[in-house]
Amino acid sequence: MTGSGEQGAVPAAANRGIRAHPLVPLPAPRSLWLVLAVIACGRSDGPRVTVTIPAGASLDAAVDSLAANHVIDHPGSFRLYARLRGLAGSLKSGVYLLQQDESWSNVVAALERGRGVEQRFTVREGLRLAEVADLARGQLKIPRDSFLAAAEDSSLLVSVGLPADAPSAEGYLFPTTYLLPLGIGARELVRVMTHQFTQQWSPEWQARLDSLHFSRHELVTLASIVEAEVRYDPDRPYVSAVYHNRLKRGMRLEADPTVSYAYGRRLRRVWEKNLAVRSPYNTYLHAGLPPGPIGQPGRAGLAAALYPADVPFLYFVAQPDGKHIFSATYAEHLAAIQRVKQLQRAARAPQRSGREHPTPHR
């Protein structure tokens, strides 16, 4: 508790280390400034995060937001420092890009100037790195090449805590709607999005990874494939189960989205001729998981990859409405494919004779 409800009182956290005693006077104002100045010194290399200060927010509410995002580590002392600096009467609302453990003087200066002019940036589940780069160029005026370079900068990836085997930020640019400051740069956007991924990762998921004998990078890779396959949300844990079951049996995943990713562009449909593309991402040719994620999974995709349904399915095929039919045997799968073909014929005019047929899925 920070004691935010006591207007004008010095919060208990602010007196940590300067406890009152009947025989020891409290520090004089100059000494108090010295104590606060020492605490207020921050680092310059912390990751950047976005902090929203709503219109009409009180200083106490602003301090709570700063503390929740780890911009400040001593909210009670910072509240006292901010009041002495007069921030209570000059606080500006907005969305701010601040460093974790930033110096208090920089934080106060930012909130006084109101440099946080916001813009929205929405990334939906399943988008690929190149597609996120296109969005950043269109919505944020960030050069595409600059964003891709930042997302593939190994030193930046290490600094934001990505796994050592991640060749890029693919899979870790968390899909959601962001409120960002105007003029945000490529590297800072990558930091913000990967930090959001870290924030979404539940602590209990690590124990689950250990029980699955997966690394985090492998899990995100599998989640990205599940995300790319599913159009009907309830199917996620069942699609995940198919891939988990195949991995356990040493079967190839044969996931069409990995073939499309190998081409470097989205294929409207994957045909038999596409299955021969030479790439480590082609799971029709290579057993096991591909080298890395093929898009940005959301929280539901990550959870499905971590907690697959307890079912024996090894195959699935998509119906025209996007829902899947799941099968445990190949014979059942072939029958499901025939049912889907019947539904397709009923839903549209017959295809031209001689037209290629798409792959009968898994």
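Begin with the whole protein chain in view: among its contacts with a separation of 6 or more, 66% are accounted for by residues 24 or more positions apart. What you have open is a predicted model, and its protein chain holds 14 helices and six strands. Of the 362 residues in the chain, 45% count as buried; if you switch on a surface, the protein chain exposes about 18100 Å², with carbon and sulfur atoms supplying 52% of that area.

Next, select Phe121, Phe147, Leu189 and Tyr243, which are the residues with the most contacts inside the largest nonpolar core, a set of 58 residues. Keep Leu189 highlighted and show its surroundings: leaving aside neighbours within four places in sequence, Leu189 is in contact with Phe121, Ala136, Leu140, Ile142, Phe147, Leu180 and Ile184. For a second, separate core, select Val49, Leu59, Leu91 and Val107, which are included among its 21 residues.

Now return to Leu189 and display two helices, α6 (residues 144-151) and α8 (residues 186-200), whose axes come within 8 Å and cross at roughly 50 degrees. At what angle to each other should these helices be described, given that crossing? Because angles of 65 to 115 degrees count as roughly perpendicular and those under 35 degrees as roughly parallel, α6 and α8 are oblique to each other, and their crossing is right-handed. To see where the helices meet, select Ser146, Phe147, Ala150 and Ala151 of α6 together with Ala186, Arg187, Leu189 and Val190 of α8, since these residues make the contact. Phe147 and Leu189, already selected for the largest nonpolar core, thus appear again here, on α6 and α8 respectively.

Note on methods: Residues are numbered from 1 along each chain as its sequence is written. This is a predicted model: local features need pLDDT of at least 70, side-chain atom pairs count only at pLDDT 80 or more; totals for chains, interfaces and linings use all residues. Side-chain values use heavy atoms; hydrogens and water are left out. A nonpolar core is a set of buried Ala, Val, Leu, Ile, Met, Phe, Trp, Tyr and Cys residues joined through side-chain atoms within 4.5 Å. Buried means under 20% relative accessible area, exposed over 50%, partly exposed in between (1.4 Å probe, protein chains only). Contact means heavy atoms within 4.5 Å. Helices (H or I, at least four residues) and strands (E, at least two) are DSSP runs, numbered from the N terminus. Accessible areas come from the Shrake-Rupley method with a 1.4 Å probe; for residues, only the protein chains shown count as cover. Axes are lines fitted to C-alpha atoms, for helices over the stretch in contact, and angles run from 0 to 180 degrees between N-to-C directions. Angles under 35 degrees count as roughly parallel, over 145 as roughly antiparallel, 65 to 115 as roughly perpendicular and the rest as oblique. A crossing is left-handed if the near helix is turned anticlockwise from the far one by less than a right angle, and right-handed if clockwise.
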